[in-house]
Amino acid sequence: MHTGRVTETTPLPLAEIEATARAAHAGQTDKAGRPYAEHLRAVAEGVRARGGDEEQIAAAWLHDAVEDDKLSRWWLEEAALTRRTKDIVLAVTKRSGEPPEAYAARILATPGALLVKEADLAHNADPARLAVLDGPTRTRLTEKYARMRALLGLAIS
């Protein structure tokens, strides 16, 4: 990891951002028990497939790092990332006690964030991924993801 301040003209390369995200989430698993890095990769690839740029792909790799307390807000602010990448990560970071409507409004107000959240929701709601969960959890998450898609004005997939 880089230390110290670096100007916005020299952001970390994507490979280094990926390595940082993988290291930060090392040992973490998703609800199905899979390595969490698989989710990060899927979201980054989803952003790329949807036409996202390097700043959005970088944000996709880091999209859960602050929310999951794997990297601090301080780290994010000091990291050699563009302001846009930082803003996207902060936009998609849920805040404790925050209503879904406020969360969705922040995503919609942040340039580039909607595409990252769309890729995140698409992977989270993947039927193959949900199929391994117990029925009540699968139902709860399916409803949660559908509600967020509606709040964001995304078609239900």
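Contact is taken here to mean heavy atoms within 4.5 Å, and helices are DSSP runs (H or I, at least four residues) numbered from the N terminus. The model is predicted, so local features need pLDDT of at least 70 and side-chain atom pairs count only at pLDDT 80 or more, while totals for chains, interfaces and linings use all residues. Residues are numbered from 1 along each chain as its sequence is written, and side-chain values use heavy atoms, with hydrogens and water left out.

Helix 6 is a good place to start. From this helix (residues 100-109), Pro100, Glu101, Tyr103, Ala104 and Leu108 meet Arg147, Met148 and Leu151 of helix 9. By class, this contact has 6 nonpolar, no polar and 2 charged residues (Ala, Val, Leu, Ile, Met, Phe, Trp, Tyr, Cys and Pro count as nonpolar, Asp, Glu, Lys and Arg as charged, and the others, Gly among them, as polar).

On its other contact, with helix 5, Tyr103, Arg106 and Ile107 of helix 6 meet Leu90, Ala91 and Val92. Here the residues divide into 5 nonpolar, no polar and 1 charged.

Turning to the interior, the largest nonpolar core has 44 residues, and Ile17, Leu62 and Leu81 have the most contacts inside it. Such a core is a set of buried Ala, Val, Leu, Ile, Met, Phe, Trp, Tyr and Cys residues joined through side-chain atoms within 4.5 Å, where buried means under 20% relative accessible area (1.4 Å probe, protein chains only). Helix 3 gives the most to this core, with 6 residues. Beyond its neighbours within four places in sequence, Leu62 is in contact with Ile17, Ala21, Leu71, Trp75, Leu81 and Val89.

Methods
Helix = DSSP H or I, 4+ residues; strand = E, 2+ residues; numbered from the N terminus. Buried < 20%, exposed > 50% of the residue type's maximum accessible area, 1.4 Å probe, protein only.
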